[in-house]
Every structure is written in C-alpha cells, then in structure tokens.
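Subject: Structure for you to look at

Hello,

Here is the structure I promised to pass on. Please open it before reading further, and keep it beside you as you go through my notes.

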Amino acid sequence: MAEKPLIVDSDVHNGMKSRSELLPFLPRVWHEQWLEMGIGAERLYYSAVGGAMKDAFPENGGGPGTDPEFMLKHLLEQYHIDYAILNSGIEISLYPDPDYANIVASAWNDWMAEVWLKASPKFRGSILINNTDPHAAAREIDRMASNKHMVQVIMTSASNQLFGQRFFHPIYEAAERNGLPVAVHPGGEGRGISPAPTHSGYPTRYLEWHNILPTGYMAHVNSLVCEGAFEKYPGLKFIAIEGGISWMPHLMWRMDKNYKALRSTVPWLRRRPSEYIREHVYLTSQPIEEPDNPQHLLQIFEMIGADKRLMFSTDYPHWDFDNPMMALPPMPKEMKRRIMGENAQELYRLPGRVAGLGVCEP
C-alpha cells in the first residue's frame, strides 16, 4: 500500500492568549508599553464574518490559534497535516518606533521557540523581523537561525518602500547567509506607518480591501526582479503568502515584453524577468482562485510551474480556511503531491513524516 503523501501547511497563524504571555521574554523596561500598545497596528476594516472560524476557539479559553495542543488536534490531526509553518506578529514592522519594534520581534521569536516549537516537532517557526530597521533585522536573523526549527524569515507585505530596493538588502544577505527563504504576508496594508492599500487611496470596505491585496505582491516581485536582488543574492528565495496565484502569469508576460525594449535600464539582469520569478518566487495556495471552469486554474498552474513553486496552505484559523481535502481541483497525482507537501519539504528542508504529537528534542 502506497504511503500517504506528505502534507505541509505553509500558512498557519498562532498567537497569545494575552499580552502578558510575552513578558517573560521581554526586558522589563518595555513591559508597560507592550501591555498598553501590543503590536500597535489596529484593524482598519470591519468584517461581517469575523476574523476566525467559529470552531477554532480552544476549549480551555483564549482566542483562535493560541493553544498548541488544541491546534495539534483541531488542525494537524483532524486534517492529517504533517507540518505547520507558523506565521504571526508581522504587523510589528508598522509600529513607528523601530527600537520598540526590534525588541518585540526578538521577544516574539524567543516566545515562539519556547512555547510553540517545543510543543511538537510538527510545528516550524518563522523568524519575525522589523523590516524598517534592516541591519537590526539581519542581526535577529543571525541570532535565531541556529534554531533549526525556524525555517524562514517573515515580514509584512505592507510597506512604504518596495522590497527590491537596496534599503532591504541587509535582510536578504542575512537570509541567504543562513539558508533561509524570506516570506511576506498581507494584513497590514493601510495600517500603522504603511501607506494607503492602493495607488488611489483607501478602499471603502473590507471586501474591496481583501480583493485588491495581490497588487502589492505584484509590485514587490516586480521590484525584486528589476532591482537585481536575485542577481545580487542568487540563493534568495521569496515566498508570497496568501496573495493568490493568478496574477503571476500576467506579471511575467508584461515584464518580459517590456524588458525587450527597456533592458538597457536594468543592465544587471542577465535573463528575462520571468526566469528569475520561476527560479526564486514561491506562492501559497490559500486563497485559491475558483474559476467556473476548474481547468482554467490548472492552465495557470502550468504557466507558473506550480509543480515546483506552489505550496499548500490553509490560513488556519481564519474564516477563509481551506480544507486540504477539498481546496484544490483535480490534477495529476505527481503535481498534487508536490503542491501538498514536497515543494515545502524541499524549500524548508523538512525531514520525513513525524509520528504522533511528540516533543522536539533539544
């Protein structure tokens, strides 16, 4: 009997039951500010469906995603998921005080390692950084990279600068040095010190804001390629989490077309823009597009090389959670096996299936 394919959930959100949970990891001088301000980037839009699934609240209290044991049972066991990549705290880069943001990011990483990564070998963490201070972020990457259960760097896609610009290059240098991909996740667009979510200002409602998030990803990927970040850091891998996938063929085609006439303005590029994207940029599946004809989505999979660069995600515990048994359309078994787990296993250098709930070894 064939072994069950590996399933890696590349976007799971964990959090704290209360702000006081961070205090043991935070220098005393910052306690009062943390207890009052927290991450410091308030919600911008009202969502009629709320932020999380109604059944994701732990039985012993606390908000969704705040209890490791409950998450293991409610998500990983129930849906036969082998690994969960934990992403949280990203809005800290939107706080105006970089010193506060830096220290909170460091405390958050220590909390993640102690509370979550020791709870089960099925949990893998993301190194939270404050990307408004790239040199401090690089030091934090170097500090946390020795923990082999930290598998990527995470930052918010909301930014007042495009990520290809050389201001951010210390982050990429540190990530490449430590063999870690850099992931971005949406949620803060229009909040804190970030600019309006669109080039024409603020959407009126949550639906409009949620619909348009992929445009930020297009801008960042375009910047990373055109600014030569992937030439300067050939080992850099960039993950666009929770931004959809159908925008990528359009961007690649447009960039390649314009590169034919304007290549003299980017003399550091040695290949077509689409070739850098196919080699360095990964996407996650949630929220997956759902065209009337599922074959259209499979055509997009083929266009972007999904068998090598697309990774499955649920976005647990959010309201638009994707069930791994239902989320993807019918496709060749080899492609589905790679999307559901093998692409992430290779990128994050994960071992094979972990038996039981287990406890991580030191």
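Below is what I found, going from the whole chain to a single residue.

One thing to keep in mind from the start: this is a predicted model.

Let me begin with the overall build. The protein chain contains 13 helices and eight strands. Along the principal axes, its C-alpha atoms fill a box of roughly 60 × 55 × 45 Å. The radius of gyration is 20 Å, which agrees with a compact globule, because a globule of 362 residues would be expected to have a value near 21 Å.

The inside of the fold comes next. Of the 362 residues in the protein chain, 57% are buried. If you take the contacts between residues at least 6 apart in sequence, 81% of them join residues at least 24 apart.

Now for the outside and the charges. The protein chain has an accessible surface of about 16400 Å², and carbon and sulfur atoms account for 54% of that. There are 35 positive and 43 negative charges, and the mean positions of the two groups lie 6 Å apart.

Finally, a residue to look up yourself: Ser223, which sits in helix α7, spanning residues 214-226. Is Ser223 buried or exposed? Its relative accessibility is 5%, so Ser223 counts as buried, the cut-off being under 20%. And which residues does Ser223 touch, apart from its neighbours within four places in sequence? Ser223 is in contact with Leu162, Phe163, Gly164 and Gln165.

Enjoy exploring!

Best wishes

Definitions and conventions:
Residues are numbered from 1 along each chain as its sequence is written. This is a predicted model: local features need pLDDT of at least 70, side-chain atom pairs count only at pLDDT 80 or more; totals for chains, interfaces and linings use all residues. Side-chain values use heavy atoms; hydrogens and water are left out. Helices (H or I, at least four residues) and strands (E, at least two) are DSSP runs, numbered from the N terminus. Buried means under 20% relative accessible area, exposed over 50%, partly exposed in between (1.4 Å probe, protein chains only). Contact means heavy atoms within 4.5 Å. The radius of gyration is taken over C-alpha atoms; the globule rule is 2.2 Å times the number of residues to the power 0.38. Accessible areas come from the Shrake-Rupley method with a 1.4 Å probe; for residues, only the protein chains shown count as cover. Lys and Arg count as positive and Asp and Glu as negative; His and the chain ends are not counted. The place of a charge is taken as NZ of Lys, CZ of Arg, CG of Asp or CD of Glu.
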